[in-house]
Amino acid sequence: MKALWSLLIGLLTLGLAQGVPADWPDPFKMQFQRLQPSAIQPTRAQLSNGLTVLLVEDRTLPFVNGRVYLRAGAIFEPEDKVGLSGIFSSVMRTGGAGERTPDQIDETLEALAASVSVNTDNLFTSVAFSTLSENLDQVLQIWADILVRPRFAQERIDLEKGRALEAIRRRNDQPTQIAVREFVRRINEGHPAGRISSVASVQSITRDDLVAFHQRFFKPNVAVLAVTGDFNTQEMLARLERALQGWQRGEVTLPSFPPPSPKPSIYFVQKETNQSVIYMGNPTVTAYAPGYSELDLVSRVLGDGFNSRLFTEVRTKRGLAYATGGAQTQGFGWPGFFYGASISRVEKTAEVIEIMLAQFRDLRERPVSQEELELFRNNILNAEVFRFTSRQAVAERIARTQMLGLPADYYEQYVRQIQAATPADLQRVMQQYVRPEQFVIVVVGDRRQFDKPLSSLGNLIEVPLE
Amino acid sequence: MKRMVWLILLVLLLPGALAQQLREQIRKYTLDNGLRVLMVPDKTAPVIHFNLMFDVGGVDEAPGLGGIAHMVEHMAFKGTPSIGSLDWAREKAALEAVDKARADLDRAIANRASQEEVQRLTTAFNQAREEAKKLALPNAIDQLFTNNGEQGLNASTGYDRTDYRVSLPSNRLELYLRVYADVMLNAVFRSFYEEADVVLEERRQRSENDPNGALSEVFLRTAFQVHPYGRPLIGSREEIQGYRADKAMEFWKTHYHPNRAVLVLVGDVEPERDIQLVRRYMGAIPRGPARPNLNIPAEPPQAAERRATLEYNAQPSLLIGFHKPTYPNRDAYVMDMIDSILTEGRTSRLFRRLVIQEQAALNVSSSSASPGFRYPNMFTISAQPRAPRTTADLERLIYEELERLKNEPVGPQELQKVRNQTRAAYLRVLQGGPGLAQTLAFYELFFGGYQRIFEEEAIYNTITAEEIQQAARRYFTPQNRTVATLVTRGGSR
């Protein structure tokens with residue numbers, strides 16, 4: 001079959017050596033200019049209550065999108081109330097607001113095919129809306145009520161707490177979910193980002209806690225709103241003044257925390273499964289510290305895509321995983337971490353751990369080739385145009401940059417450092433910040449089938465599943 | 001794209017002249033080899049989103065070759081003679097040596113050769129693989145696109161179709177065409193057996209160690225006893241272990257031709273200029289045979305309820321399905337409306353009843369076209385009980401709501417809400433660049449032309465409460481039902 005196939009192709013392409021017409025270019029020699037995106041500059045304004053607003057008019061579509069950011073991040077939850085921010089954001093949206101009951105809000109928004117959503121991560125809570133411009137006033141009013149006047153109806157608090165408890169009951173169902181949770185917890189040990197909710201912490205959450213969290217962080221003078229779409233800027237500002245009147249200024253103090261201080265070890269979770277989930281790494285630097293850009297670049301050499309070291313060694317050459325990779329995370333406020341991960345058949349667990357560790361070590365011991373560096377540098381530089389495919393995404397990025405107190409040219413600085421990086425720079429940051437002998441390693445798998453006991457690879461701590 | 005959505009919205013609100021305007025924006029070309037090319041200009045950013053979709057998927061596989069379409073999808077990333085080989089003449093010979101070593105080994109195993117002989121041939125096979133690997137760059141296609149700023153380079157295989165996606169800066173159009181025309185002409189399945197191991201890992205990850213994947217496999221096997229929708233899309237473990245490079249190449253050669261594909265470009269394109277380049281490259285691929293008659297057997301009507309349980313190391317979960325026709329049968333559109341009525345948004349019937357009122361479920365969701373759409377398929381409902389409530393409790397509540405749908409007509413307000421939601425869902429799909437490219441490819445390949453996208457809203461808008469009631473009565477019957485339950489292993493629930 002194969003011979004016949006080759007013969008056919010030979011005939012069809014007139015016997016050309018490589019099966020393509022002679023005038024086709026060698027794809028590896030094709031040269032292209034780096035495209036410069038046309039930057040989108042939002043208009044900046046301030047409401048009388050101190051709210052910063054970033055606006056981009058875009059009259060091509062009858063839509064308006066907005067998102068306001070507040071520093072109500074999950075890390076600011078009280079220590080004994082972990083899980084509060086998740087309940088908070090659910091019930092803020094679903095627990096009624098202003099004059100409206102929970103059902104009235106849902107029914108009105110669904111009838112208008114509009115949405116208001118509340119999301120919380122470690123850094124921010126954001127409250128967003130999306131609507132046809134003809135329904136703007138109505139939707140803006142609901143959004144403002146949810147933002148400023150949430151009711152936190154008790155029955156919706158009970159509902160969301162019950163769902164959160166069910167999610168806890170289910171959180172050991174998938175090995176990957178267990179591994180990610182344990183890794184984030186262990187690598188951030190000593191910092192609030194490493195806390196996880198428990199039945200007790202969720203059960204202890206009361207309506208007073210939600211109201212207090214809202215009062216503590218939701219102040220206009222420390223918030224930034226990004227709004228884009230079909231509106232006139234001056235009219236939009238007047239609408240926002242009206243919708244948000246009564247939202248009072250106030251002082252917000254953010255506590256500071258010591259950086260994570262993980263205890264290097266192999267954390268092992270026994271789970272009956274035919275694959276092991278492996279995560280390993282250590283905390284490094286914040287996203288604005290010297291060394292970050294180089295760490296980001298070398299982490300791509302390690303684990304970003306088909307041509308990365310982990311992918312090549314674990315997957316392509318040996319077929320030991322479908323999912324494998326790594327990255328340097330962006331740390332804002334506390335250091336991010338440099339990590340690698342694989343999901344591999346259980347009887348090769350120790351072998352895969354050793355292959356992975358060898359990749360980290362090699363990047364410390366030897367400079368990467370210039371070619372390898374250029375591949376990932378080019379990817380970053382050439383992909384810059386994709387940062388400007390959505391006006392709302394651009395405005396939101398600028399809002400977050402401001403909220404975090406980063407310089408406005410934060411990304412440009414990063415690009416300059418990426419452009420300047422040399423193989424020696426990458427090796428230097430690897431040696432300075434990435435220490436395989438001090439890694440946090442998390443393994444979820446079935447020890448009865450391991451190729452070697454994990455204790456032969458380092459200090460082993462078994463983590464029981466609740 | 002943004003312009004597109006604006007226009008489509010008006011299409012929904014004011015059919016007629018504006019629909020015409022949007023259709024005029026989309027350019028369609030058919031090359032001599034049968035490849036259909038759609039271009040949608042959008043100047044928001046200097047990027048192009050590509051989608052190359054073939055009408056080939058899991059249903060096209062011969063029995064015993066389950067998952068080969070998915071395997072071939074992986075192999076199409078492995079390059080060509082001019083992309084990824086260090087010395088093609090030598091590599092070609094080395095790959096033939098791998099095939100021969102594999103065949104020798106298979107023959108010895110089939111003939112029950114001695115253990116030593118099998119061991120010797122295994123070693124020879126592994127050595128041949130190592131020799132071939134030395135002559136190739138492993139991931140050259142990815143390298144070309146990575147170097148040029150790709151986003152979202154990926155592919156996916158369904159029961160009905162396979163698509164290849166990537167987004168690139170718009171001045172890389174020629175690079176894209178050079179690579180994919182070459183892949184369609186000359187794909188080389190290098191590192192085949194390493195990749196089969198990767199697929200085995202993928203199977204473990206998605207279908208064996210994920211409770212949802214495991215339950216879904218049991219459910220489909222129970223619901224479809226004849227039609228290939230009942231087979232695991234990724235293949236069984238034994239099938240994957242049995243993959244051979246020549247069989248995979250034969251599947252590729254049978255199916256992946258320009259006359260069975262659509263290429264969609266959304267973004268910074270100038271159709272009249274860019275089609276010249278598309279013709280130069282994609283036009284060089286010869287037309288292939290039409291889709292062979294595979295005699296895919298129809299699933300006979302189900303005569304009685306089917307039930308299956310999966311004992312698994314996870315919390316309980318429920319999956320219910322009902323057989324139903326697919327598009328363009330009008331009932332398929334009616335079932336889409338029922339899908340929204342039951343689970344779309346917080347005011348939907350099942351969400352409100354199971355999650356909010358009864359507090360019996362963590363979540364509930366449904367799908368009106370599972371697991372494919374080319375052949376009669378299923379309406380499915382999935383729910384996870386909140387302890388101490390059980391899957392039996394959820395079943396009872398779900399059937400009560402389905403009975404209500406059969407017994408009472410949906411009110412005008414609810415019907416209008418669902419139409420609004422259908423419209424909003426439509427807009428969401430059409431907003432994103434890659435999503436739009438995929439949707440257009442889909443409609444062009446399977447629904448009788450991309451224009452069909454503009455006609456569906458009219459269908460949804462004419463569906464009546466009575467039709468919804470009739471469809472509920474027709475399909476939501478006990479004998480048409482399949483129920484799969486995940487039961488906690490060793491647990492009391």
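1. Over residues 98-131 of chain B, how much of the chain is helix, how much is strand, and how far apart are the end C-alpha atoms? In this predicted model, that stretch is 88% helix and 0% strand, with its end C-alpha atoms 9 Å apart. The stretch was chosen because UniProt, in an unreviewed entry, places the feature "coiled-coil region" at residues 98-131 of chain B.

2. Chain A also carries an annotation from an unreviewed UniProt entry, which lists residues 53-182 as "domain: Peptidase M16 N-terminal". Over those residues of chain A, the model shows 45% helix and 21% strand, and the end C-alpha atoms are 39 Å apart.

3. Turning to the sheet in chain B, the reader will find 6 strands that form an open sheet with mixed pairing, in the order E1-E2-E6-E3-E5-E4. Strand E1 (27-30) and strand E4 (151-157) of chain B each have a single partner strand, so they stand at the edges and one side of each is left without a neighbour in the sheet. On average, neighbouring strands of this sheet are turned by 15 degrees against each other, when direction is ignored.

4. Within this sheet, strand E3 (residues 47-54) of chain B runs antiparallel to strand E6 (residues 261-267) of chain B, and 7 bridges join the two. Phe54(B) can serve as a landmark here, since this residue stands opposite Ala261(B) in E6(B).

5. A helix should be viewed together with the sheet: helix H3 (residues 68-75) of chain B lies across E4 and strand E5 (162-169) of chain B, and H3 runs at about 155 degrees to E4(B).

Technical notes: Residues are numbered from 1 along each chain as its sequence is written. Chains are lettered from A and ligands numbered from 1 in the order in which they are written. This is a predicted model: local features need pLDDT of at least 70, side-chain atom pairs count only at pLDDT 80 or more; totals for chains, interfaces and linings use all residues. UniProt positions are given in the numbering used here, feature names are shortened, and annotations may be inferred rather than shown by experiment. Helices (H or I, at least four residues) and strands (E, at least two) are DSSP runs, numbered from the N terminus. Two strands pair if DSSP finds at least two bridges between them. Axes are lines fitted to C-alpha atoms, for helices over the stretch in contact, and angles run from 0 to 180 degrees between N-to-C directions. Two residues are in contact if their C-beta atoms, placed from the backbone, lie within 7 Å.
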